[in-house]
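Here is a set of short questions on how the labels given to a structure follow from computed values. Each answer sets a value against its criterion.

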2 protein chains.
Amino acid sequence: MDRRKMLGLTGAGAIGAAAGGAVGLQIFDEPPPARANDPGAAVPFYGARQAGIVTPAQDRLHFVAFDVITDKKAEVVELLQKWTAAAARMTAGKDAGAIGAVNGQPEAAPDDTGEALGLPPSGLTLTIGFGPTLFRTADGKDRFGIAGQRPAALADLPKFAKDTLKPEISGGDICVQACAHDPQVAVHAVRNLARIGFGVVSVRWSQLGFGRTSSTSRTQETARNLFGFKDGTANLKAEDTQLLDEQLWVATGDGPAWMTGGSYMVTRKIRMLIETWDRTSLAEQEAIIGRNKGEGAAHGVAKEFDEPDFAAAAAGGKPAIAEDAHVRLAHQQFNDGARLLRRGYNFVDGSDGLGRLDAGLFFIAYQRDPRKQFVPIQTRLSRQDALNEYIRHTSSGLFACPPGVPAADDYWGRALFV
Amino acid sequence: MDRRKMLGLTGAGAIGAAAGGAVGLQIFDEPPPARANDPGAAVPFYGARQAGIVTPAQDRLHFVAFDVITDKKAEVVELLQKWTAAAARMTAGKDAGAIGAVNGQPEAAPDDTGEALGLPPSGLTLTIGFGPTLFRTADGKDRFGIAGQRPAALADLPKFAKDTLKPEISGGDICVQACAHDPQVAVHAVRNLARIGFGVVSVRWSQLGFGRTSSTSRTQETARNLFGFKDGTANLKAEDTQLLDEQLWVATGDGPAWMTGGSYMVTRKIRMLIETWDRTSLAEQEAIIGRNKGEGAAHGVAKEFDEPDFAAAAAGGKPAIAEDAHVRLAHQQFNDGARLLRRGYNFVDGSDGLGRLDAGLFFIAYQRDPRKQFVPIQTRLSRQDALNEYIRHTSSGLFACPPGVPAADDYWGRALFV
C-alpha cells in the first residue's frame, strides 16, 4: 500500500501494541494513485532505461557510493535482487518492507526504517552504477569473475590539472543516485538500501545536494548554481532524442552487451571558494563565465537560449566571450561536438573551520563514452578555464549505469553477473 | 522589487552588458504579492517578536554561528544595522542588495550573490541570537562593554552526562537561524549575511537540516525524525498563547530589559547511530521511545494526541511506558511542568568514514529560561534515557534571541548595544 494509507492501519494496530507487543503490518501492492504534474507523484521504476537520467531533475539529491565487503558473487547477486525489489517499492511510495513484525517474529528488526511514513513518492528515482573497482580491485583481484565484462569506456579517469581529490570520498564499487523532491524521501531510500546491504556492502561516502543546477528537460526553468549564475542552459535535454542516442545512451556494439541502453556517469565534487567569488566584481564574474548573471545570455547575444557567438567582438576589438571563459571552453564547438547530460546539485556541508562555508557543486554528468566526452572536456577546462581560480575538485567518481529493469522478474545488473 | 520580477529587467540589461560593461540594477521596494497558504509566500519580518520561533516550522534549515573578529563596538553595531536591512529585504523575497554595479561603480562586487534570483520568498525567516561569549570572551575580556547586560538565564550550560561535544562546532558569539521551504533560499540568506559581515565576523560553524521534526503549529502534521518516529507531538505550539507566555517568552522583570519579549535558544547536534537502531526490533524501539511507531500513540492509549498515561500497566504488571522511556523522562509531568518549543531538523552530513551515514537530529529549542527548562530536562535525560545508547551529542549552543524589530528604523539588538 501507499505510505500515506498505511498510517490508518497503524493507528488501528496501536491498541494492540499498547498491550506490549509490536503489531505486524501487512504489505500490499496496490500502486499509489496517479498524480500527473504533482511533485509528490511517482516516477515509474521499470523500463528500458533507468529512471533518474533523463527524468526532469528533481530538487534534492542523496548520492551514496558503497564498497563491496564480500568476495562472494552470490551475495552480491542476492543483494542486487533485494535492492531492486526495495527500489521498486520505494519509488512507488511504498515502504521498503514491513515496518512491523514480519511473519509473527516480533523480535525482528523492521524492514523499513519508518521516517518516510506518510510522505508521498515525491518523484523518487534510484539509479545504480558500477565502478571500475567492482571489476578488479586495486590489488588486481577479480573477485567476482567479471573482469572480462569491464567496458573499455569504464577506463579510470586520468589525473586532471589542479585535481585535489580525497580518496576517501572518491570512487566506490557501486553507487546509487537518489533524487526526489523531498530530501527525507531520498535519504530514506539510501538509508534503507544501506540497511539491506549490511554485511555485503559498506557506505564509502555519501553526499546530499539541493537546488538542481542542471535542468534536464525543456519543461524546466534553468536553475542557478552557488556562483549565482544559471547552470545547464546548454545541457542535453530529455526532448533531444536524437542527440541522446548520439551522446547519452550506450549503443549496441559500443562494448559489452550488458551496458547496451545504459550510460556512464561521472561525479565530481567541486568546492567553490564562494567568499572569494563574492568579493569579485560583477564584470569580472561575467567575463569568467562568458554569460551575464541576470538573464544568463552569452555575451554578444540577448537571451539565455540564443546560441553564443564566439566570433563576436566587444568594444575595443577583444572577443565578447573571452578566450578563457567557461562557456567557450565547455562548448561542443570546441570539443569535437562532445556534450554531456549534466544533473548536478548544489551542496553546503557546513563550514570548513577556516571561517568559510564548505559549499559548491556536486557535478553529475551522464554520457555514452567518457573517453570521448568528459575526459577531453575536463582536460581542456582543467588547464585553461578562468573559473579554476575559484574552484577545487575534491572528489571524483566513475560508474557504468546499466539499462533499466524491464519488469519485476529482473534485477539491477543481472546481465553483468549471469 | 521581487526577485522574480527582476529577471525581466536583467534580460533587458543583458544587451548592454554584452558590450563589455556590467549594467547596474536599481533596487525598488515594492512588496511581493501576498500569497496566503502558499509555501512560496513571505513571512513578515518586522514585529514585536522575531519570526522563526512560533512561525509554523518550514521544511529546511541553514543554521550559522559566527565569531565576532573585531573588538570595535561601532563595527558590530554597524553590521547589525546592515544585517537587519538585508534580512528585511531577503525575507520579503528581494535581493540582499544590488546584483549589478552600484552607483556607477562597475568594479564593485555585487551586493547580492544571485543564486536566489527568480525564487519566491519561500517562507524565509531569519532569527538572531547572542551567545555568552559575546558578553565576555574566554579570557574574561568585556570587548563591547556589555558584560553587565548579560542575562543570568544565559548561564553557560553545564556538562551533561555522556556529552561528546566538539568545541569547533559549538558555541559562537552570534547565531542566525535561517528557515525556508527552499534550501537554496535559506543558504542564500546565510551566505549573504556572511558576505556582509566580512572583516567583522567569521563563520564558526554552520549546519543544514531538512524535514522539520517538530511541528510548531496545530495546522501542521507531526513529522518524523530519523529514528522513524513522530517527533514533536507534545511540543509547545503557536496556538498555546497562554503557555507560550509562561514557557517561551521572556517577561518584564525576568532579566535585563533588552531581552523582554525575546526567548532563549539551545541547539544540540545529536548524532544518531542509525545503523545500530535499524538492527533493533520494533518492539525494542517502541519500548525505548514509549510510543508506537506507526500512529505515534503513547503505549496504553490509542491516538497520537491522547495524553500518555504513565500509571498504566501492561500485561504482566510492568508499566506500559517503561521507567526509562524517552517520552516519560521528557514529559513535563516529571520536569516540574517545564516545557520547550522545539524546532529541530534532521541532518545527513555524508558518511563518517567508518561505513556509516553521519546522520541525526539538529535539535533547536526555545524557552523562557534554560536554567529551569532545558538544563533540568537534559540533566535527567542524559542520565536515564534509554535512547542514550543510540545517540551522541556532538555540538551545543546557547543564544539569547532578542525581541523582534518593530519597524524599519530599528535593528537587531539595538537595545543591547545602546
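Q: What makes the relation of chain A to chain B that of a two-fold axis?
A: In this predicted model, a rotation of 180° superposes chain A on chain B, with 0.0 Å of shift along the axis and an RMSD of 0.0 Å. That is therefore the relation of a two-fold axis.

Q: Which residue of chain A comes closest to the rotation axis?
A: A:Asp349 does, with its C-alpha at 3.3 Å.

Q: How do you know that the same surface serves both copies?
A: Look at the contact residues of chain A: 100% of them recur in chain B. The contact takes 75 residues from chain A and 75 residues from chain B. To count as a contact, two C-beta atoms must lie within 7 Å.

Q: Which elements of chain A each supply at least two residues of the side that touches chain B?
A: They are α1 (3–18), α4 (183–196), β4 (201–210), α6 (274–278), α7 (282–289) and β7 (345–351). α1(A) gives the most, with eight residues. By class, this side of chain A has 34 nonpolar, 27 polar and 14 charged residues.

Q: Why is α2(B) called roughly antiparallel to α4(B)?
A: Two packed helices are described by the angle between their axes and the distance between the axes. Here α2 (residues 73–91) and α4 (residues 183–196) of chain B pack at about 155°, with axes 10 Å apart. Angles over 145 degrees count as roughly antiparallel. So α2(B) is roughly antiparallel to α4(B).

Q: What is the hand of the crossing of α2(B) and α4(B)?
A: The crossing is right-handed.

Q: Which residues of α2(B) and α4(B) meet?
A: From α2(B) come B:Lys82, B:Trp83, B:Ala86 and B:Met90. They meet B:Ala189, B:Asn192, B:Leu193 and B:Ile196 of α4(B). The contact has six nonpolar, one polar and one charged residues.

Q: Why does A:Ile99 count as buried?
A: A residue is buried if 20 or more other C-beta atoms lie within 10 Å of its own. A:Ile99 has 25 C-beta neighbours inside 10 Å, so A:Ile99 counts as buried.

Q: Where is A:Ile99 found?
A: A:Ile99 is in the loop between α2 (73–91) and β2 (125–130) of chain A.

Q: What separates the C-alpha atoms of A:Ile99 and A:Asp112?
A: In space, 4.9 Å separates them; along the chain, the two residues are 13 residues apart.

Key: Residues are numbered from 1 along each chain as its sequence is written. Chains are lettered from A and ligands numbered from 1 in the order in which they are written. This is a predicted model: local features need pLDDT of at least 70, side-chain atom pairs count only at pLDDT 80 or more; totals for chains, interfaces and linings use all residues. Helices (H or I, at least four residues) and strands (E, at least two) are DSSP runs, numbered from the N terminus. Ala, Val, Leu, Ile, Met, Phe, Trp, Tyr, Cys and Pro count as nonpolar, Asp, Glu, Lys and Arg as charged, and the others, Gly among them, as polar. Axes are lines fitted to C-alpha atoms, for helices over the stretch in contact, and angles run from 0 to 180 degrees between N-to-C directions. Angles under 35 degrees count as roughly parallel, over 145 as roughly antiparallel, 65 to 115 as roughly perpendicular and the rest as oblique. A crossing is left-handed if the near helix is turned anticlockwise from the far one by less than a right angle, and right-handed if clockwise. Copies are superposed by least squares on the C-alpha atoms of residues with pLDDT of at least 70 in both. A residue is buried if 20 or more other C-beta atoms lie within 10 Å of its own, exposed if 12 or fewer, and partly exposed in between; C-beta atoms are placed from the backbone.
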